[in-house]
Amino acid sequence: MPPSAVVVGAGVLGSALADRLARSSWDVQHVEQYAPGHVRSGSGDESRLIRAAHGADAMHARMSRRALELWRELDPRLVCPSGVAWFARRPDGWEADAERVLTSLGIPNERVDPTELFPSVRTDDLAFTLLEPEAGLLRARDGVRALADRAVQAGAERIVAVARPDGERVVLDDGRVLEADHVIWACGAWMARLFGDVLDLRITHQDVYYFGVPGRWAAPGVPGWVDFDGAVYGMGDLDGRGVKVGPDQEGPAIGSLDAERRADPTLERTARAYLGHRFPGIADAPLVGSRVCQYEMTPDEHFVVAPHPAFSDGRVWLVGGGSGHAFKHGPALAERLERWILASEAPEPAFGLGPERHHDVQLRTGGSPLSGSGEPSG
Ligand SMILES: Cc1cc2nc3c(=O)[nH]c(=O)nc-3n(C[C@H](O)[C@H](O)[C@H](O)COP(=O)(O)OP(=O)(O)OC[C@H]3O[C@@H](n4cnc5c(N)ncnc54)[C@H](O)[C@@H]3O)c2cc1C
């Protein structure tokens, strides 16, 4: 008999796992309260960056690289091969560490003149610009749907219901009770509500802004970009949505995931100020859209992918704590997680719930705090 699993959550992490297990002939029930990649999920935007650079951290670099292969295998159209440019403000900071790690892993990277990448760009505050030419942009919501649909094609049963844990069982709001060899909870920001007793998650309000720009700003011609020390990232105009600017400092706490979603005026000023600062040629580009999302932050920005401590036999797993950077890894993390659940490989200690977690490398463009005026820092 193949093993059975209930996977709760059809964001990128739950959908990638349901897909992975179903294609390995597991008997899978995949539960989601709304639709895969819905607008309030962390995975629900049109686009996400996929980059291998993670400062001095090689494990995430490898995992991202593997994920890129798996996204392409799922559907090459999900990946826009724009490259990702890192605006380094210090000669020996996070980007220099990343450069060393990428080079040691054989992942292409090069120092470039950013004026050759962007139609208009300010460079006088930069020590150098590092390009990852094989990184790029993911068509995120389409990717989540593709994973969830492929899981169904491989035999998974998709169930639309709100689930709650009851020991090792999953109780649905339609009265059904699901049991399986393994239950995996991958519920994004909702994990804080479901498992607040064992998880330390802060749920923060994060906006992205889209600006209407001339056609020469289209991706893949214009790459994705990250200003780590400035705590802002973005990308060229993907599929006509506009140039995207995402303030990456941790936003205000979100009280309820059911609240109305309105962009935060302070974050909008931050995005506008950064646009004018870095890309003077489009400083006055009109705002054409925004989207409110959330980060589910762990204290050290590492994910949580661990057995629930109350069930010593590893039957119940908690998967989340995306901390603003999980999307890209989805399919590669699922591949590893299958082995961890089967106990054919030891789980990644950095994702555990015990003291073996480490706090040494920033994994996202947390950067230094932005000033209240909305001016980019540093
Ligand atoms: C603005 C923004 C920009 C980002 N940029 C990037 C980026 O460029 N690159 C990158 O790699 N990452 C990025 N991230 C992070 C990444 O998008 C998230 O870490 C990732 O999408 C989280 O996926 P998830 O599957 O854990 O959670 P989610 O996508 O939130 O999915 C959880 C799912 O569980 C369902 N669920 C919850 N509770 C229940 C329940 N009780 N019953 C049934 N279903 C339930 C929810 O409805 C939801 O669909 C960004 C995040 C944000 C917000």
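How closely do the axes of helix α2 and helix α3 approach, and at roughly what angle do they cross?

1. In this predicted model, the axes of helix α2 (residues 58–74) and helix α3 (residues 94–105) come within 10 Å, and they cross at roughly 55°. Since an angle of that kind is neither under 35 degrees nor in the range from 65 to 115, α2 is oblique to α3. The crossing of these two helices is right-handed.

2. The residues that bring α2 and α3 together can be picked out by name: Ala58, Ala61 and Arg62 on the α2 side meet Val101, Leu102 and Leu105 on the α3 side. Sorted by class, the contact of α2 with α3 has five nonpolar residues, no polar residue and one charged residue.

3. A second pair of helices to look at is α1 (residues 12–23) and α7 (residues 330–341), which pack at an angle of about 55° with their axes 8 Å apart. These two helices are therefore oblique to each other, and the crossing of α1 and α7 is right-handed. On the α1 side the contact is made by Val12, Leu13, Ala16, Leu17, Asp19, Arg20 and Leu21, while α7 contributes Gly330, Pro331, Leu333, Ala334, Glu335, Leu337 and Glu338. By class, the contact of α1 with α7 divides into nine nonpolar, one polar and four charged residues.

4. Turning to the strands, the model has an open sheet of three strands in the order β10-β11-β12, and the pairing is antiparallel. Because β10 (163–166) and β12 each have a single partner strand, they stand at the edges, and one side of each is left without a neighbour in the sheet. Strands of a sheet pair through backbone hydrogen bonds, and the pairing can be parallel or antiparallel. Strand β11 (residues 169–172) pairs with β12 in the antiparallel sense over two bridges, and Val171 has Val177 in β12 as its bridge partner.

5. Where does Asp181 lie? Asp181 is found in the loop between β12 (177–178) and β13 (182–185). Asp181 has 16 C-beta neighbours inside 10 Å, and so counts as partly exposed; a buried residue would need 20 or more, and an exposed one would have 12 or fewer.

6. The surroundings of Asp181 also include residues far from it in the sequence: the C-alpha atoms of Asp181 and Asp27 are separated by 9.6 Å, although the two residues are 154 residues apart along the chain. If neighbours within four places in sequence are left aside, Asp181 is in contact with Pro3, Ser4, Ala5 and Arg315.

Notes: Residues numbered from 1 in each chain as written. Predicted model: local features only at pLDDT ≥ 70, side-chain atom pairs only at ≥ 80, totals over all residues. Axes fitted to C-alpha atoms, helices over the stretch in contact; angles between N-to-C directions. Helix = DSSP H or I, 4+ residues; strand = E, 2+ residues; numbered from the N terminus. Parallel < 35°, antiparallel > 145°, perpendicular 65-115°, else oblique. Left-handed = near helix turned anticlockwise from the far one by under 90°. Contact = placed C-beta atoms within 7 Å. Nonpolar A, V, L, I, M, F, W, Y, C, P; charged D, E, K, R; others polar. Pairing = 2+ DSSP bridges.
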